Amino acid sequence: MPPYAYFRKQFMPLAEAKIGILTHALHYGTACFEGIRGNWNDEQKQLFLFRVKDHYERVHKGCRILKIDPHYSVEEMMELTVKLVEKSGYHEDIYIRPLAYKSAEAIGVKLHDLEDDFLIIVTTLPAYLDADKGVRCCTSSWRRVDDTMIPARGKITGIYVNSALAKTEANEMGFDEAILLNHDGHVSEGSGENIFLVRDGKLVTPSGSDNILMGITRDAVIQLARNELGLEVVERSIDRSELYLAEEAFFTGTAAHVTPIVEVDRRDVGNGEIGKITKELQRLYFDVIKGQNPKYLHWCTPAYSKLVQAK
Ligand SMILES: Cc1ncc(COP(=O)(O)O)c(C=O)c1O
């Protein structure tokens, strides 16, 4: 089955979906994108799309920042996504990549008076970070972009140069992932993940004003920690040195799931092993995203109708 895309108002094989080389978004990073997971539940022969509505609400927010006309309502984007996934017919975990972008084939740096378009790609994604073993991180020499430069609360393609600089620097120095500080020196996030620490038994995570992307996995983990584990969760600015003193640390993200951080700047986190709270949250999260926890089924959109399943 070839990968499919929704492009220029129709479903087509990904290989046929092409843009012109003058496309504004390609030159100036004027687009916002999403990453949405579809998680395969083998028992139910069903693909559950995780918090798809929240992802499209975030696309709409990004579009407001970039003056992009999203063309479709959140509900219409959800419907198109389910149709595309059904058409693609995967029986394994999938990754959905929507993109709202400045499609005008025009030179000139601006946001106004340019055509926009919206596309969706569905594909698979190999393990992004090692969620079983945990990851070794460094504090990046690159700082997170500030809201006054490019707002990090929008998932804006141009911002990802900041992330890519940090990620490659970390990998080339032998680490798995980078932790970026914001402009005032507080911990912001990973190159493509939010970060949590366990401090004195409480969960702490940078707040919305620390130049983070307001992660949907972050929100899910906060709710699971409070409601299922009875943990106190504090959203506040975090000092760099707290990374070295945390009992546990982990990343959250659509691509990264819940990934333990076992080392920061060549110091073990806690005793260097995956912590108890991290393990427990990982277990809860993996159950939830596969549609295996009835209490959180409202976060999971089944992609396959009974008709398709019966084929
Ligand atoms: C910079 C950044 N921070 C955090 C996240 C995590 O966000 P979410 O959990 O919504 O995928 C992502 C990934 O989307 C990201 O790119």
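Colleague: Morning! Before we look at Arg236, what does partly exposed mean here?

Modeller: Morning! Partly exposed is the range between buried, which is under 20% relative accessible area, and exposed, which is over 50%. This is a predicted model, and in it Arg236 has a relative accessible area of 28%, so Arg236 counts as partly exposed.

Colleague: Nice. Which residue does Arg236 form a salt bridge with?

Modeller: That would be Glu242, with the closest N and O atoms 2.8 Å apart.

Colleague: And is Glu242 buried or exposed?

Modeller: Glu242 is buried, at 7% relative accessibility. The side chain of Glu242 also meets Arg199 in a salt bridge, at 3.0 Å from N to O. Glu242 belongs to helix α6 (residues 240-245) and Arg199 to strand β11 (residues 194-199), so this pair ties together parts that are 43 residues apart in sequence.

Colleague: How many salt bridges are there in the whole structure?

Modeller: A search of the whole structure gives 16. One of them joins Arg136 and Glu263, whose closest N and O atoms are 3.1 Å apart. Because Arg136 lies in strand β8 (residues 135-143) and Glu263 in strand β15 (residues 257-264), the pair ties together parts that are 127 residues apart in sequence.

Colleague: What about the accessibility of those two, Arg136 and Glu263?

Modeller: Arg136 is partly exposed, with a relative accessible area of 26%, whereas Glu263 is buried, at 14%.

Colleague: Which residues are linked in a network of salt bridges?

Modeller: Arg51, Asp54 and Asp219 are linked that way.

Colleague: Okay, switching to the ligand. Where does the ligand sit?

Modeller: You'll find the ligand in the largest pocket. Two elements, α5 (216-229) and β14 (248-253), give two or more residues to the shell around the ligand.

Colleague: And how many residues surround the ligand?

Modeller: There are 16, and the closest are Tyr160, Glu189, Ile216, Thr217 and Thr254.

Colleague: Let's talk polar atoms. What part of the ligand does Tyr160 come up against?

Modeller: A polar side-chain atom of Tyr160 is 2.5 Å from an oxygen atom of the ligand. Lys155 also has a polar side-chain atom by a ligand oxygen, at 2.9 Å.

Colleague: Which ligand atom is 2.7 Å from the side chain of Glu189?

Modeller: For Glu189, the partner is a nitrogen atom of the ligand, 2.7 Å from an N or O atom in the side chain.

Colleague: Last one: how much of the ligand's accessible area does the protein cover?

Modeller: The protein covers 96% of the 380 Å² of accessible area that the ligand has on its own.

Technical notes: Residues are numbered from 1 along each chain as its sequence is written. This is a predicted model: local features need pLDDT of at least 70, side-chain atom pairs count only at pLDDT 80 or more; totals for chains, interfaces and linings use all residues. Side-chain values use heavy atoms; hydrogens and water are left out. A salt bridge is a side-chain nitrogen of Lys or Arg within 4 Å of a carboxyl oxygen of Asp or Glu. Helices (H or I, at least four residues) and strands (E, at least two) are DSSP runs, numbered from the N terminus. Buried means under 20% relative accessible area, exposed over 50%, partly exposed in between (1.4 Å probe, protein chains only). A residue is near a molecule or strand if one of its heavy atoms lies within 4 Å of it. A polar contact is a pair of N or O atoms within 3.5 Å; within protein, one must be able to donate a hydrogen and the other to accept it, and residues adjacent in sequence count only if both atoms are side-chain atoms. Accessible areas come from the Shrake-Rupley method with a 1.4 Å probe; for residues, only the protein chains shown count as cover. On a 1 Å grid over the protein atoms alone, a cavity is a set of points where a 1.4 Å probe fits but cannot get out, and a pocket is an open set with protein on both sides within 12 Å along at least five of seven lines; lining residues have an atom within 4 Å of a point. A molecule sits in a cavity or pocket if more than half of its atoms lie within 2 Å of its grid points.
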